[in-house]
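Trainee: Please take one part of this protein and go through it closely. I would like to see how its pieces are arranged and what packs on them.

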Amino acid sequence: MAFFSRLRSSSYKLNKFIQNTHPQSRTTLHSSSINSNNNKNNQSWRSFLLPVVLAVSGGSFALQLHKYPSLCDDDPNHHQQTIGGKDSTKYVVKGTYKPVPPDLITELKAICQDNMTLDYDERYFHGKPQYSFHKAVNIPDVVVFPRSEDEVSKIVRSCNKHKVPIVPYGGATSIEGHTLSPNGGVCIDMTLMKGVKALHVEDMDVVVEPGIGWMELNEYLAPYGLFFPLDPGPGATIGGMCATRCSGSLAVRYNLSLVLLILSVLTYATFILRYGTMRDNVINLKAVLADGEVVKTGSRARKSAAGYDLTRLMIGSEGTLGVITEVTLRLQKIPQHSIVAMCNFPTIKDAADVAIAAMLSGIQVSRVELLDEVQVKAVNLANGKDLPESPTLMFEFIGTEAYTREQTLIVQKIVSEHNGSDFVFAEDAETKKELWKIRKEALYACLAMAPNFEAMTTDVCVPLSQLAGLISKSKQELDASSLLCMVIAHAGDGNFHTVILFDPAQEEQRKEAERLNNFMVHAALSMEGTCTGEHGVGTGKLKYLEKELGTENLRTMKKIKAALDPNNIMNPGKLIPPHICF
């Protein structure tokens, strides 16, 4: 088949590289079929509680009853479904599995021709996120590779007709179980749709298909003096970045390769502080809804007050409302000059205080990154360096040469006032490359300390004024744990991560990792923060949403979901906790 000659996505290549670098046994996950025939005869009264429509026509009344199971996933007869949910501690999720009808396979074959597969290894690969410890009992029954928006529309329409769940799939760099297939069904791999449809240099925007990676896009844009400023994983695609409302992620920044250093400057770095998140950089998009209809969310104008903001509704919806097929992105000019600086502190609180002070000073810092002493030790061991093993801050300043030097001197003064030391900075490309390599390869360094372990990556974010307190409180708990834990923070926007390494064969270690994660999430929520600053919800963060957002918020989300996807086929089991009803 032509499919088997198709190139893997960059995330698959990277996964193979990591496996070769750190060999370890591969766990075989078998899909399991769960008999759901009894469910048809034992539906609870809530499954039949429907809007009663009183239709007046020619003086006669008619009652219409509609089955609407998506109103509540917490039906007692749906006890097999254990996806996330309030207070759940499960990380292996399963849904209500039903085999895909042969008629649907035939229809998909007619649509996709050779660009689909039933091969077990391929289905397993698509059913296990490459950067996540989350797992699912089931895997996709079939994987399709559409080549156009029209094919996506036909695929979704067929799946809706047969009430078969679909899971959109991009670069597989997400870490919260977004691409798991707990109900089986159809995985729609968008990586063949990777074209640039239009570039408007004077307007500084570009129209792309969802399967293009941000790295490939920036390579395309570089000759025009433009770039797209967000940098989630090396395999991350624009469609997936929209779906998760990313702003750069922990695993990704550590795995960036030297291809990022195009033009020998750090132009493709994480400019979250200066340029915002994904929601700030998407002008409009197109998506295929559950019934196969294609909707465009807006015009190409930089601002508009026309109608509901459907663009922002789709961004962060994690494939639960539609499959993104086209995105118009806001672009930026490649910075004229940049400086990278680094300094050390006696405590992690001192480092966090300086990050906050720098932001409050009014300096336009493009990014501020914090590494604790354990992370710096990991970098030393992995790269043969001799850095001071103490809490470390890294800054990047961009702009004109004079402006960036002025910013650097101001921050150097702030550092000296807060017990900082060893302040160094670089302007030439090679030295900047070496300095920033410390930050970029942090995750590799962590994993090198325990090659056969898995990493649980946390993602809390709080108001900037609360960051130092949260990091200090969390650090005490992490240091007291028996597990190996590192702290890395995007200190300029209140977002910080920990990498918690645990042996997946030791259940007690996994539970301890989960306990630490719970501690930090609840601490962040008590400070009016969030359980996820940039990684998204997927299945991993479902259990925290009710406490963070409230039942009314989640019910509203569920109503939107039910209105756009009444058969609940769009990435079911993600984003909305199953116990929420309306």
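Mentor: What follows looks at one sheet and its helices, then at two other helical regions.

The model is a predicted one. For context, the protein has 20 helices and 23 strands, and 58% of its 582 residues are buried. Among contacts with a separation of 6 or more, 76% are between residues 24 or more positions apart.

The part to examine is an open sheet of 5 strands, ordered E9-E10-E14-E12-E13 and paired in antiparallel fashion. Its edges are formed by strand E9 (196-200) and strand E13 (294-296); each has a single partner strand, so one side of each lacks a neighbour in the sheet. On average, neighbouring strands here are turned by 10 degrees against each other, direction ignored.

At the E13 edge, strand E12 (residues 282-288) runs antiparallel to E13 and is joined to it by 3 bridges. Lysine 286 faces a second lysine there, standing opposite lysine 296 in E13. Helix H5 (residues 149-162) lies across E12, E13 and strand E14 (323-330), at about 50 degrees to E12. Another helix, H6 (residues 214-221), packs on the sheet as well, where it touches E9, strand E10 (205-208) and E14. The direction of H6 makes about 45 degrees with that of E9.

A helix pair gives another view of the packing. The axes of helix H13 (residues 373-383) and helix H16 (residues 442-449) come within 8 Å and cross at roughly 80 degrees. An angle of 65 to 115 degrees counts as roughly perpendicular, and H13 and H16 are therefore roughly perpendicular to each other. On the H13 side the contact is made by Gln375, Ala378, Val379, Leu381 and Ala382; H16 contributes Ala442, Ala445, Cys446, Ala448 and Met449.

Helix H18 (residues 507-526) can be followed along its length. Its 20 residues reach 28 Å from first C-alpha to last, close to the 28 Å expected at 1.5 Å a residue. Buried positions in H18 include Arg510, Glu512 and Glu514, along with Leu516, Met520, Val521 and Leu525. The buried residues of H18 pack against two helices, H17 (467-480) and H19 (545-549), and against strands E20 (454-457), E21 (460-461), E22 (484-490) and E23 (495-502). Just after H18, glutamate 528 takes a positive phi of about 65 degrees.

As for the surface, the accessible area of the protein comes to about 23,800 Å², with 53% belonging to carbon and sulfur atoms.

Definitions and conventions: Residues are numbered from 1 along each chain as its sequence is written. This is a predicted model: local features need pLDDT of at least 70, side-chain atom pairs count only at pLDDT 80 or more; totals for chains, interfaces and linings use all residues. Side-chain values use heavy atoms; hydrogens and water are left out. Helices (H or I, at least four residues) and strands (E, at least two) are DSSP runs, numbered from the N terminus. The expected span of a helix is 1.5 Å times one less than its number of residues. Buried means under 20% relative accessible area, exposed over 50%, partly exposed in between (1.4 Å probe, protein chains only). Contact means heavy atoms within 4.5 Å. Two strands pair if DSSP finds at least two bridges between them. Axes are lines fitted to C-alpha atoms, for helices over the stretch in contact, and angles run from 0 to 180 degrees between N-to-C directions. Accessible areas come from the Shrake-Rupley method with a 1.4 Å probe; for residues, only the protein chains shown count as cover. Angles under 35 degrees count as roughly parallel, over 145 as roughly antiparallel, 65 to 115 as roughly perpendicular and the rest as oblique.
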